[in-house]
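Please open the model in a viewer and keep the selection tool at hand. The tour below proceeds from one selection to the next and states what is found at each stop.

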Amino acid sequence: MLVFGVVGTCHGNGLTNNYYSHTCPDAETIIKNVTEKSVAKNPALPAKFLRMHFHDCFVRGCDGSVLLNSTANNTAEKDAIPNLTLSGFDVIDDIKAEVEKKCQNVVSCADILALVARDAVSYEYRRPLWEVYTGRRDGRVSRSAEALANLPSPFSNFSTLRQNFANHNLTVHDLVVLSGGHTIGVGHCNTFSNRLYNFTGRGDQDPSLNATYAAFLKTQCRNLSDSTTTVPMDPGSALKFDANYYVTVKQHKGLFQSDAALLTNQLSNHIVQQLTDPNNFFPEFAPSMKKMGAIGVLTGNAGEIRKKCYVVN
């Protein structure tokens, strides 16, 4: 396993801080600069990259498999139904190209995605909101069926969510903290409109959804089949990474069933209450993100360093 122990601390999963300090010392600066330029032009990107990183890690671990294109004989993760609304792949490709100009075949796409997610979300604060250890290598396999099987669904109840996170060694605490990522970004109508129009199959509304909020959502999402309209996941604060998500969840304005589900368990409900305080949210988000970013990583001689993020070497 290639680890520069002199430079940073190595962890059980083989990731270290400053992994590229000898092999490509400018890598993290290049990634940060291009990410920040992109976010300055498009403030919707932080939510997109955070979600992409999350969707990568929950399928085969954080190995960049979500970035691979489908081939003639394989449908890749990015073409699975839950991933069809992912975007920003072109920016990742641009960043990879810039890094390759400086250091060829050194920096993995998996590490680039982990760093981009952090740098994009941190941009508004002008300081890194969490630490990203590096040393991930890229996977060679990407299957849409695995994305369908492993990604948490917006329709999930609490026990399904808890099991899904436990499968990746994440606790109920991590589940609630990482759900805070919904403080930025949008949801597509078809991922929650059953709560408005057909919750139990009888043309009814989800009784746990704030009635005023539900009435507003019906003005945005006119029917069950609308898959193009989007609404902010955190109304009034959709571009600001803050603790407001937990305030809205407590008000029964969580957009998805999976958001509302956090109030149905005593422990998670208690954690939601604590995290409504930004002074609690930020210090908790960092370690949970670091933990998520280390799920099933490939290190040492496993995997490869892709030359282009969308295709295996």
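**Salt bridges**

Begin with Lys-32 and Glu-36, whose side chains meet in a salt bridge with an N to O distance of 3.4 Å. This is a predicted model. Helix α1 (residues 27-41) holds both partners, which stand 4 residues apart, about one turn of the helix. Lys-32 counts as partly exposed, because its relative accessibility is 37%. In total, the structure holds 13 salt bridges. Side chains of opposite charge can pair when their charged atoms come close.

Next, select Arg-118 and Asp-119. A salt bridge joins these two residues, with the closest N and O atoms 2.7 Å apart. Are Asp-119 and Arg-118 buried or exposed? Both are buried.

Proceed to Arg-140 and Glu-304, another salt-bridged pair, in which the closest N and O atoms are 3.0 Å apart. Arg-140 belongs to the loop between α4 and α5, and Glu-304 to the segment after α13 (278-292), so this pair ties together parts that are 164 residues apart in sequence. With a relative accessible area of 52%, Arg-140 is exposed, whereas Glu-304 is buried at 7% relative accessibility. Then display Arg-60, Arg-143 and Glu-146, which are joined into one network by salt bridges that share partners.

**Two backbone positions**

Stay with Arg-60, in the loop between α2 and α3. Its phi is near 65°, a positive value in a residue other than glycine. Most residues other than glycine have a negative phi. Arg-60 is partly exposed, given a relative accessibility of 36%.

Move on to Arg-126, for which phi is also positive, near 55°. This residue is located in the loop between α4 and α5 and is exposed, with a relative accessible area of 60%.

**The nonpolar cores**

Now turn to the interior. The largest nonpolar core comprises 76 residues, and those with the most contacts inside it are Phe-49, Leu-67, Ile-92, Trp-130, Phe-241, Phe-285 and Met-292. Which helix gives the most to this core? Helix α4 (residues 109-122) does, with 9 residues.

Centre the view on Trp-130. Beyond its neighbours within four places in sequence, Trp-130 contacts Leu-50, Ala-117, Arg-118, Val-121, Phe-285, Ala-286 and Met-289. One of these contacts, Arg-118, is the salt-bridge partner of Asp-119.

Apart from the largest core lies another, of 12 residues; Leu-196, Leu-209, Tyr-213 and Cys-221 are among them.

**Helix α5 and a surface patch**

Select Ser-144, in helix α5 (residues 144-150). Ser-144 is buried, because its relative accessible area is 16% and the cut-off for buried is under 20%. Not counting residues up to four places away in sequence, Ser-144 touches Thr-75, Ala-76, Glu-77, Asp-79 and Ala-80.

Select Ile-81, Leu-84 and Leu-148 together: these residues form a nonpolar patch on the surface, with about 340 Å² of accessible area in combination. Ile-81 sits in the loop between α2 (45-57) and α3 (89-102). At 65% relative accessibility, Ile-81 counts as exposed.

**The annotated span**

Finally, select residues 14-313. An unreviewed UniProt entry annotates this range as "domain: Plant heme peroxidase family profile". The span is 43% helix and 2% strand, and its end C-alpha atoms lie 23 Å apart.

Key
Residues numbered from 1 in each chain as written. Predicted model: local features only at pLDDT ≥ 70, side-chain atom pairs only at ≥ 80, totals over all residues. Heavy atoms only, no water. Patch = residues over 30% accessible without salt bridge, like charges linked within 9 Å, V, L, I, M, F, W, Y side chains within 5 Å. Areas by Shrake-Rupley, 256 points an atom, 1.4 Å probe, with all protein chains shown as cover. Salt bridge = Lys/Arg side-chain N within 4 Å of Asp/Glu carboxyl O. Buried < 20%, exposed > 50% of the residue type's maximum accessible area, 1.4 Å probe, protein only. Core = buried A, V, L, I, M, F, W, Y, C linked by side-chain atoms within 4.5 Å. Contact = heavy atoms within 4.5 Å. UniProt positions renumbered as here; feature names shortened; annotations may be inferred.
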